Amino acid sequence: MLPLQDGFSRRFYYLRLSVTDVCNFRCTYCLPDGYRPPEGSKEGRNAFLSLDEIRRIVSGFAAMGTRKVRLTGGEPSLRRDFTAIIETVANTPGIEKVAMTTNGYRLKERAQAWFDAGLTALNVSVDSLDPRQFHQITGENKLVEVMEGIAAALAAGFKSVKINAVLLKGLNDHQLDAFLGWIKHKPIELRFIELMQTGEMDTLFRDHHVSGEQIKRRLLESGWAQQLRGKDDGPAQVFMHPGSQGRVGLIMPYSKDFCAGCNRLRVSSAGKLHLCLFGDNGVALRDLLAADNQQDALQQRIRAALAGKSATHRLHEGNAGMTPHLASIGG
Ligand code: SAM
Ligand code: SF4
């Protein structure tokens, strides 16, 4: 079976699967007014993929070479059957890595159960190490719980814990030293993500977007060295320092050639295939997920869609595509 490949010879071994679009946080750059069901949605919050549908979609992708699945959302841990989802994905033949992205809510109490169920990697979002500012950015006064959750994850045995921090001018962009001090003796990769413009964002982007280049410059000036990228590495630029156990990753979607390293496809919690975070309306797959005997048709539809993947997003032109916010298709 040929691996998934697009018209620009990019190969796709990595699926990001959103298991719900619901979230309990209100991050200023994502869901500032909290979760609301998408307009026109009759089913509202019950519209997400069932466990069986998840099993079928992951089997279909695994048969076409997918080796890594990231479970995301919304907030994936809000699903009551989340541990069963991890188990199902981890037990799919061909899947070698199961990761999740979480706001850290529930991490403290669930880290061990998720690890035991087969979760191999975790990304936890921490936009500020200052409790008041964390509250201001996320709408929740939960920094202490999230930090306890990260400690619980390391104690549970996770080898790969990454922290996502969205770079926000005037808010956390001057906290680099505090972040670097925090990871100095921890096996953590801290990932600064440039703020991306989405459809529902008003003046926030103009007011708070800052390029990761300034962080890169400061890292290089203080003895951090950029790692060479492997063929199948994602778009992050990664930096190491001899005096730090922790590493730093920069995700700069506005930088030149960002899309050249694209290795991921996305499926939303409503079962739509998205070829790009900032793409179009998505390709419906759900009608092919109701039974086990439609795997061939599912794979054909995915391959046909992939042939139309564009070389690059159009964020540079101020075009954020149809994505209202990243919670809608899984950031
Ligand atoms: N709720 C989980 C969380 O926050 O980790 C998973 C979903 S969230 C959409 C995934 C990641 O996307 C988070 O790290 C979040 O900070 C990031 N994100 C959301 N909106 C963003 C934006 N407009 N620009 C850059 N990153 C964004
Ligand atoms: Fe929720 Fe994650 Fe969006 Fe924050 S970034 S509102 S935690 S989905």
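The shell around ligand 1 holds nine nonpolar, nine polar and two charged residues. This is a predicted model, in which local features need pLDDT of at least 70, side-chain atom pairs count only at pLDDT 80 or more, and totals for chains, interfaces and linings use all residues. Residues are numbered from 1 along each chain as its sequence is written, chains are lettered from A and ligands numbered from 1 in the order in which they are written, and side-chain values use heavy atoms, with hydrogens and water left out.

Allow me to stay with the ligand. Of its 20 surrounding residues (a heavy atom within 4 Å), Tyr29, Gly74, Ser125, Asn164 and Met196 come nearest. Turning to polar contacts (N or O atoms within 3.5 Å), a backbone N or O atom of Gly74 lies 2.9 Å from a nitrogen atom of ligand 1. For Glu75, a side-chain N or O atom is 3.2 Å from a ligand nitrogen atom. At Thr102, a backbone N or O atom lies 3.1 Å from an oxygen atom of ligand 1. Alone, ligand 1 exposes 540 Å², and the protein buries 95% of that (Shrake-Rupley method, 1.4 Å probe).

I turn now to the sheet. Its 12 strands (DSSP E runs of at least two residues) form an open sheet in the order 7-8-9-6-5-4-3-2-1-10-11-12, with mixed pairing; pairing requires at least two bridges found by DSSP. Strand 7 (225-226) and strand 12 (283-284) stand at the edges with a single partner strand each, so one side of each has no neighbour in the sheet.

Terms used:
Helices (H or I, at least four residues) and strands (E, at least two) are DSSP runs, numbered from the N terminus. A polar contact is a pair of N or O atoms within 3.5 Å; within protein, one must be able to donate a hydrogen and the other to accept it, and residues adjacent in sequence count only if both atoms are side-chain atoms. Ala, Val, Leu, Ile, Met, Phe, Trp, Tyr, Cys and Pro count as nonpolar, Asp, Glu, Lys and Arg as charged, and the others, Gly among them, as polar.
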